[in-house]
Each structure stands twice: as structure tokens, then as C-alpha cells.
Amino acid sequence: MSLLVPGALILGLLAAPIILLYMLKLRRRDQVVSSTLLWQELVKDRTANAPWQRLRRNLLLLLQLLILAMLVLALARPYWQSSRGANGNLIVLLDSSASMQATDGEAGASRFVDAKAEVERLIDGLNIGDQMTLVLVGRTPSVPIAMTNDRPLLRQALKQAEPENGSADWASAFILAATTSQGLIDPRIVIISDGGLPETLPALPGEVAFIPVGRSDENLAITAMATRPAGEARDLLVSVANKGQSPGQAVLSLYIDNVLFDSQRIGIGADQASHLSWSVPAKANMIEGRLEAMTGTIDHLAIDNQAWAISGGQATHRVLLVSEENLFLERFFAIMPGYELVRVPKSDIEQWPEAGGEFDLYIFDGVTIPEQLPTGSILIINPQPGTGTEGPHPAIQVTGSFTETAITRLADDPLLTNVDWQAINIAEAQFVSAPGLATLVASETGPLVLAGEIDGRRVALLTFDLHRSDLPLQIAFPVIMANIVDWLNPGRVVAAEESPQPGAVVTLIPNARAESIAITHPDGTVTEISRQESGAPILFNDTQQIGVYTVSYRINSGEIRSEQFAINFFNPEESRIKPSDSVYIGSSEIVSDSDGFIRRWELWPYLLLAGLCILMIEWWATYQRGIRRPPFLKFK
Amino acid sequence: MRLFDEAALHKLEQLTLTADSVRVGVMKGNRRSRKRGASVEFADYRDYAQGDDLRRLDWNVFARLERPFIKLTQEEEDLAVHILVDTSDSMSWPPGADGEIAPDHKLRFGLQLAGVLGYIGLLSGDLVSVTLFDSAGRRDWGPFRGRSNGWPLIQFLEANNQNLTNGGTRQTALDLSLRDYALRSRRPGLLFLISDLLTSGDVREGLNALLSRGYEVVLLHVLSPGELSPELAGDLRLLDVETGEAAEVTLDALALDEYATHLATWQQGISTFCGARGIHYSLAASDTSWEQLILQALRQQGVVR
């Protein structure tokens with residue numbers, strides 16, 4: 001037991017004046033009695049042992065000194081200290097990252113369950129006046145309950161907490177904790193985690209304690225899975241890693257469109273990875289990999305044992321090219337798998353809407369942009385100014401041409417990756433003013449490449465004639481065209497992205513003809529999304545679950561189309577479930593040591609209560625100081 | 001306030017005082033002695049022994065049985081009754097309100113007892129002397145005999161009741177006073193000592209002196225209710241009304257318990273001392289009526305019959 005305010009003990013000196021007052025108070029009342037013969041005996045007895053004998057026997061004085069002792073002790077704020085639990089203004093940062101799902105607890109309980117038990121213990125230890133704030137540190141840290149002493153509410157909030165499937169954003173959580181602790185007296189921050197905190201975290205105000213959870217690091221994981229076209233077939237690459245400290249054996253099974261395709265037994269050394277490849281049919285749409293640890297191999301984290309790859313490449317996209325003649329483009333789309341090109345001569349531009357129904361991608365090459373844009377992605381090359389009352393489209397104004405085309409500005413955009421623009425020479429380009437599009441490449445005089453969205457459709461614009469530049473002759477041409485076509489994402493609703501992770505935002509570009517969109521989650525729940533009037537892309541972020549999501553939409557013709565995208569775990573950091581005993585915060589290491597973590601049972605309320613009780617006893621004693629008749633004299 | 005009333009005195013006519021070990025009186029009284037004597041009242045027979053007075057041989061029996069028997073008759077004798085009343089200031093207690101004498105005033109109670117006992121003695125023809133004493137001096141009445149002296153006795157006591165109960169500066173040293181009385185007295189007899197025994201000297205020496213002179217002592221220990229169980233509380237400086245001595249005490253229930261223990265020990269000591277020496281000892285609270293004391297307590301002790 002220790003004291004928070006030991007200086008208050010000096011108030012114990014107040015006992016001296018109390019005793020002194022008692023001494024002074026003994027100015028006695030004179031009382032005449034018939035004889036002091038018998039009283040003398042009494043006086044002799046009472047003063048025989050010590051001068052303060054009569055003080056010792058004075059119950060009231062004793063009680064008053066006891067009350068004083070209780071009050072002084074209460075002011076000194078004594079407390080019991082124990083290693084588990086803390087009090088004051090607690091801010092609990094509860095790690096809810098994916099690695100907390102590892103089942104290395106007692107009786108197969110997950111780390112998150114253990115962590116919740118620790119929080120429960122903290123809640124149990126809350127004193128009167130203590131407060132607790134619970135922060136769930138997931139991909140986006142959240143505060144389910146803040147600054148309350150209400151234990152049922154805290155337990156309720158804790159009960160509802162679930163681990164996520166992604167990484168934890170500790171930096172944001174620390175900022176949240178720091179802002180929450182502002183203005184709090186004696187804030188204590190408790191981090192409950194299995195480690196994995198970055199080492200660059202800033203220092204936190206107040207006392208920081210760390211409660212580690214987790215015991216084992218044994219885990220097998222699929223860390224990567226990808227396909228790529230390879231001639232008539234597709235190549236599938238799967239990486240399997242053993243994150244533990246002992247070698248393990250597992251069986252990797254591949255399912256193509258839910259039918260078992262192959263199964264392979266693999267052995268992986270401690271902290272090693274194994275890469276396997278298959279050749280799968282090009283028609284394969286959804287490829288699923290399942291990793292199962294063999295008997296004798298321990299695998300604590302199940303979430304990273306499954307992965308999906310959606311190739312979706314078997315559909316043919318239709319492209320309408322409105323152009324006099326463009327051999328380069330025609331050649332390019334002939335090489336690109338999955339594209340079917342239809343060319344309409346420039347003179348027939350009025351008839352393009354009738355050129356064989358719907359297309360996924362429209363290319364206007366060297367023509368005036370029609371006033372009514374088609375409902376699909378559009379690539380515009382070398383737009384021409386309008387003639388008479390015809391076009392151009394109000395969002396894209398062509399006002400003339402320029403020849404100062406030396407490239408002076410390059411935007412940092414994925415569309416331009418792997419392209420060396422400095423080697424490209426352009427003879428002439430059109431002045432285009434398109435406020436809705438972003439300029440990616442520009443010369444001193446005007447823009448050369450633009451991209452953006454107009455009325456919900458993606459539009460890319462090259463302001464120069466391909467024939468009047470050396471771009472088609474450069475190695476960069478197929479690259480930039482592939483980039484542009486990929487970005488335009490013709491015919492697909494889900495914007496292509498390299499295997500999005502849980503919690504990631506998936507961009508849905510609704511087809512202009514789509515009426516309603518329904519997304520089926522891996523667990524079967526369905527989310528309906530109404531198409532927005534503006535046709536702007538829909539950002540879908542309810543992607544916590546791991547697995548395959550199906551996006552279904554109905555186009556005006558009544559046909560229902562569906563597409564799939566997969567959310568994969570692929571998180572080497574979270575797959576490495578080795579628990580750590582310390583975290584680095586600021587410049588110091590917080591070790592999960594009981595010293596750094598004090599739980600205080602403050603005793604002052606009990607002392608005050610005891611003081612009050614003694615006060616009542618004193619009051620009672622004052623009024624009970626009566627006379628008792630010795631029983632032997634009741635002879636009458 | 002009068003000490004006695006007529007009705008109360010009438011109750012006393014049937015009573016006599018008895019003494020077990022007192023010597024034969026010099027005068028013929030009208031009390032029966034334990035001694036066999038020469039009166040007319042038959043008591044018993046015994047065998048004749050040489051030297052017996054032949055006048056007292058029962059000739060009728062001798063004629064019938066042809067054996068000599070001496071006829072014993074009851075001797076009648078008088079008794080010297082000494083009544084000593086302690087009149088020190090501690091006996092003038094408790095003080096009454098507004099100059100009145102408190103109903104449980106110890107000296108008043110003592111004088112009442114003295115009057116009652118003396119009156120009984122006078123009625124039964126004993127030689128009664130009453131002495132009111134303190135260390136400064138004594139007031140004697142008697143010795144007188146005969147019921148005609150009853151009235152003067154009562155007057156004497158009434159007068160002193162007026163004088164003494166007002167208090168003053170009188171002390172007693174019982175050992176000295178009793179020894180003095182023992183030496184000066186001409187005829188030992190039944191002696192009543194009425195006192196609170198709250199004195200500096202050792203009362204046992206005085207009692208021993210009386211016993212050695214052949215007195216039969218009846219000790220009537222008078223204490224007021226306030227002394228038996230004091231109703232005092234708080235931090236007090238107790239002043240002795242007799243000596244002026246002070247004692248500082250803090251009185252609570254515990255202290256009063258202790259006082260009660262001391263009182264019991266003290267009283268038990270006196271009682272044991274008296275028991276061992278054949279002294280009749282009676283503790284009397286001054287708020288008891290004298291009838292109760294005389295008719296019950298003293299009767300039980302065989303002092304009054």
C-alpha cells in the first residue's frame with residue numbers, strides 16, 4: 001500500500017491540539033462531596049500507571065483521534081497497487097486487426113477474446129470517478145464508447161466489438177487517443193495488442209501501458225495469388241508462406257468455378273515461402289485457393305488460408321471506332337485479347353448510333369464530337385471543331401490548333417506509367433478546353449493528353465493526330481493504349497484494381513444502361529445501390545468480408561449481367577502473428593511489465609465512510625455517557 | 001421538621017434491646033437476663049453441689065425423689081445502653097435545598113435512630129446514655145433510666161438536630177473518639193455506634209478499644225444514596241466538605257464502576273472485620289425509614305427483640 005499524497009500526513013499533527021484541548025478542557029468543575037475518602041482511591045488508581053492514563057481511557061478523545069486519523073489518511077489517498085488493471089481516465093486501445101483472430105489462446109480462444117477479457121478486467125477495476133474510453137484500432141479506428149463509468153454500457157460496447165480482417169491504423173488511433181486525452185486529468189492509455197505496431201508512433205500524453213496477448217507464431221498463409229494471360233491459357237501463381245518458427249506441411253487445393261481443379265501437398269520451412277504455378281484454362285472465371293494444414297502442423301490464423309482470383313477475361317468487349325482510317329488502332333485492338341472492333345467511316349458519323357447496337361468503348365478519331373455522347377467509355381483522338389450548328393459537345397470545346405508541342409508538364413498518373421514522353425514528338429495538336437477533364441500531359445501552349453469523367457462515363461482525350469506524331473512508332477504506344485483502355489474499363493462495372501484488401505474502397509462504374517445494382521457479399525447478404533443521377537462512380541466500401549462479391553445489374557433491355565470481384569487477405573504483416581512483448585512509442589520502449597502499469601485501488605472513500613461511522617459512534621457515546629448503578633447496591 | 005411523631009413512638013413499646021455478652025447490671029432492671037439469679041421466676045433445676053445455698057434447695061422435689069436439686073430462677077437485670085452518634089460534617093449530608101433539611105440527611109437519620117433506640121432502652125428500664133461526638137467535643141445526655149426520661153431525650157435530640165444539621169466545621173477521628181469513650185466510660189454495655197465511617201482515622205482501632213472494655217457493639221453504618229451511587233459526571237474537582245481536600249476525577253460510566261468497586265471493597269472490609277469480632281454490622285442508606293432498620297435489620301441480628 002502506498003500513498004498518493006504523503007504530505008497530507010503532516011496534518012496528523014492536528015492530533016496534538018486535540019490532545020492539548022483535552023488537557024485544557026480538564027479545568028474541572030468544583031463539586032462538594034461528603035468525603036473524598038473513597039474518591040482518593042480512584043484517583044490513585046487512575047494516575048498510577050502513566051500521566052496520560054486518563055487520556056487513554058477517554059473514549060471520546062480516542063474516537064476523535066480516530067476520526068482525525070481517518071480524515072488525514074483519506075487526504076493522503078492511500079491505494080493498493082496491483083499489476084493487472086488501471087484506473088484514472090483510461091483510454092483503452094484494443095487492437096482489432098486480423099492477427100487478433102489467431103486462435104492461440106486457451107482452449108482455442110482467439111486473441112481478441114483474450115483481449116476482451118483483459119478489457120473486462122479493466123472495467124471491473126474501475127473505481128468511482130474513473131472513466132474509460134474504448135478505441136477499436138482497426139483499418140479505421142473507432143470509438144464505440146467514450147468517457148463513461150457506466151459498466152453495463154462499457155460491457156455492452158465491448159461485447160459488440162469484433163476483429164476486422166485488415167491491418168490496424170495505429171497512427172490514427174494514437175492521434176485519436178491523444179485528442180481524447182486532452183483536458184483529462186491523469187490520462188492512462190492502455191494498449192492491448194499482439195504487437196505489430198509500427199516503430200514510428202509518436203509519444204502519448206500520460207502513462208502508457210501495454211498488455212500483450214497471443215502466445216504462438218505458427219501460421220501458414222497464402223500471401224499472393226494472381227493470374228495472367230499466357231497464350232490460349234492463363235498462368236496462375238500462388239505464394240504460400242510459413243510465418244512460424246517450425247516447418248509445416250499443408251495441402252493447397254485449387255477450385256475453378258467451385259470445382260476442384262488440383263490439389264498439391266507442400267512442405268514449407270520455418271519462415272520460408274513457397275511459390276507454385278499452374279496453367280489454368282482461359283475460360284476460368286473464379287479461381288479459389290484453399291490451404292489446409294496437415295496433421296502435426298499448427299496453423300493459428302484461418303483467415304489467410306483462402307484466396308481468390310477473378311480473371312473474368314472471357315467476355316468480349318465491343319469497340320466502335322469512328323475514323324477515316326487508323327491502322328495503328330485497328331492493329332492494337334486486333335492484338336488485345338477480348339476486344340471486337342467495328343469501324344465506322346468518318347462520313348457516316350451521323351449513323352454511328354445505328355452501327356450495330358451497344359458498344360463498350362467508343363473511339364472518335366479525327367471527328368467532331370457529337371453533341372449526344374454515347375453511353376459508354378469514350379476515347380477521343382484529335383477532336384475537330386464543330387461546323388455550323390453541329391456540335392461540338394458543350395463540355396469539350398475545340399478552338400484551334402498549335403504547333404508548340406514540346407512536352408513541359410507531366411502529371412503523376414497511373415495512365416502514364418512506363419511511358420517515356422520526352423521521346424515523343426508531335427507535329428500539331430488541337431486547342432481543347434474541357435473543364436471536366438484533368439490534364440495529364442501538356443506543352444507550354446496547351447494540353448496533349450486529358451482524362452476524366454463526363455456525365456458518369458470515363459473519357460480519355462489525345463489532342464493530336466496519331467498520324468502526325470511518332471507515338472505509334474514508339475514502344476510506348478501499346479503501353480499507353482493498354483493503360484488507357486484498362487482505365488476506361490470498357491464494359492466492366494468494377495474498376496480494375498490489383499486484388500483489393502478488406503476495407504478497401506472498390507469503385508463501381510455503373511454502365512450508363514444499368515438500372516439498379518445489387519452487390520452480394522460472400523456471406524450472402526445483398527446490398528442494393530441505386531444508380532446515381534449524375535452517373536458518378538459509386539464507391540463501395542463495405543468490403544470487410546473476405547471472399548468473392550458479386551455485382552449484379554440490370555440493363556434497360558432487361559438482361560441481367562453480373563460481375564465478380566474478390567477481396568483477398570494478402571497481408572504479410574498480419575499473417576506474421578508472432579506476438580511481441582513490447583511496443584515502441586515515441587522514443588521509449590513500453591514493456592509489458594507490471595511496473596509500467598499500475599492499478600490503484602484508492603481507499604479514501606472507505607476511510608471517509610469509516611470516519612463517518614466513528615463520528616456517529618462518538619455522538620452516541622457522548623449521549624450515552626450516563627451513570628450506571630452498581631448492582632450490589634440495589635439492596636433496598 | 002420534627003424527628004419523631006407520637007404514633008411512631010407507640011410502636012416501640014413492645015421492643016427491648018438485648019445484648020449477648022454484656023455483664024450483669026448492677027441494678028435490678030426489668031429485663032430478663034441470660035443469667036440465672038434470685039428472682040421469683042423459675043428457670044431450671046440442677047444438681048446440688050457442695051456450698052450451694054440451702055435456701056434455694058427445692059424441698060418438695062427432695063421429699064419426692066430423695067435427691068437434692070437446686071431451683072434456678074431467672075435473674076432480672078438492667079443494661080447500660082450507649083448510643084454514639086457521629087456529628088462530623090460528613091454526616092451533615094446531603095445538603096438540602098433552600099435551607100431545608102434533605103429527607104435523606106444522614107445526621108437526621110442518625111439522630112432518629114438514636115432517639116428510637118434510646119426510647120426503647122428507656123422503656124425497658126435500661127440505663128441509657130446518648131453521646132453526640134466529633135473530634136472537637138461531645139454532647140452527652142444521661143445516663144438516665146426510666147420511661148419518664150423519654151421525653152427529655154427526644155427534646156435533647158430535637159435541639160441538637162436544629163443545631164447540628166446546619167453544618168459547620170466539625171471533623172471526627174473515630175479511633176481517637178472511640179478510645180477516649182472506652183476509657184472514660186464507667187459501665188460497659190450495649191453500644192450503638194451511628195456513623196458514616198468516612199473518617200481519616202482507622203475506625204477498627206476504636207472498635208477494638210471498645211471491645212476490650214467489654215462493650216457489645218452494634219455498628220450502624222449510615223450512607224446517603226448519593227454516596228452509594230453518585231450521580232456525578234464529567235471532569236470534577238471533588239472537595240471534601242469536612243477536610244477541604246480536593247480530588248480531581250473524570251467521571252464516566254467506567255469511573256463510576258470503579259468507584260462502586262472501591263466502595264464495595266471498603267464496606268466488605270468493615271463488614272468482615274466486624275463479623276470476626278462479634279460486632280453487629282448494618283449498612284443503612286439514609287433514605288430508608290428507621291422502622292425498617294429497627295424492626296427488620298436489627299431484629300434479624302438479634303439486637304432488638
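This is a working chat about a sheet and two nonpolar cores in chain B of a predicted model.

Biologist: What is the strand order of the open sheet in chain B?
Modeller: The order is β5-β4-β3-β6-β7-β10, with mixed pairing. Strands are DSSP runs of E with at least two residues, helices are H or I runs of at least four, and both are numbered from the N terminus. Two strands pair if DSSP finds at least two bridges between them.

Biologist: Which strands stand at the edges?
Modeller: β5 (138-144) and β10 (280-285) of chain B do; each has a single partner strand, so one side of each is left without a neighbour in the sheet.

Biologist: In which sense do β7 and β10 of chain B pair?
Modeller: Strand β7 (residues 216-223) and β10(B) pair in the parallel sense, over 6 bridges. Within β10(B), His280(B) is the bridge partner of Val218(B).

Biologist: Now the cores: how many residues has the largest nonpolar one?
Modeller: That core has 46 residues, and Ile83(B), Phe192(B) and Ile294(B) have the most contacts inside it. A nonpolar core is a set of buried Ala, Val, Leu, Ile, Met, Phe, Trp, Tyr and Cys residues joined through side-chain atoms within 4.5 Å, where buried means under 20% relative accessible area (1.4 Å probe, protein chains only).

Biologist: Which element gives the most to this core?
Modeller: α3(B) does, with 11 residues.

Biologist: What settings apply to the model?
Modeller: Local features need pLDDT of at least 70, side-chain atom pairs count only at pLDDT 80 or more, and totals for chains, interfaces and linings use all residues. Side-chain values use heavy atoms, without hydrogens and water, residues are numbered from 1 along each chain as its sequence is written, and chains are lettered from A and ligands numbered from 1 in the order written.

Notes
Buried means under 20% relative accessible area, exposed over 50%, partly exposed in between (1.4 Å probe, protein chains only).
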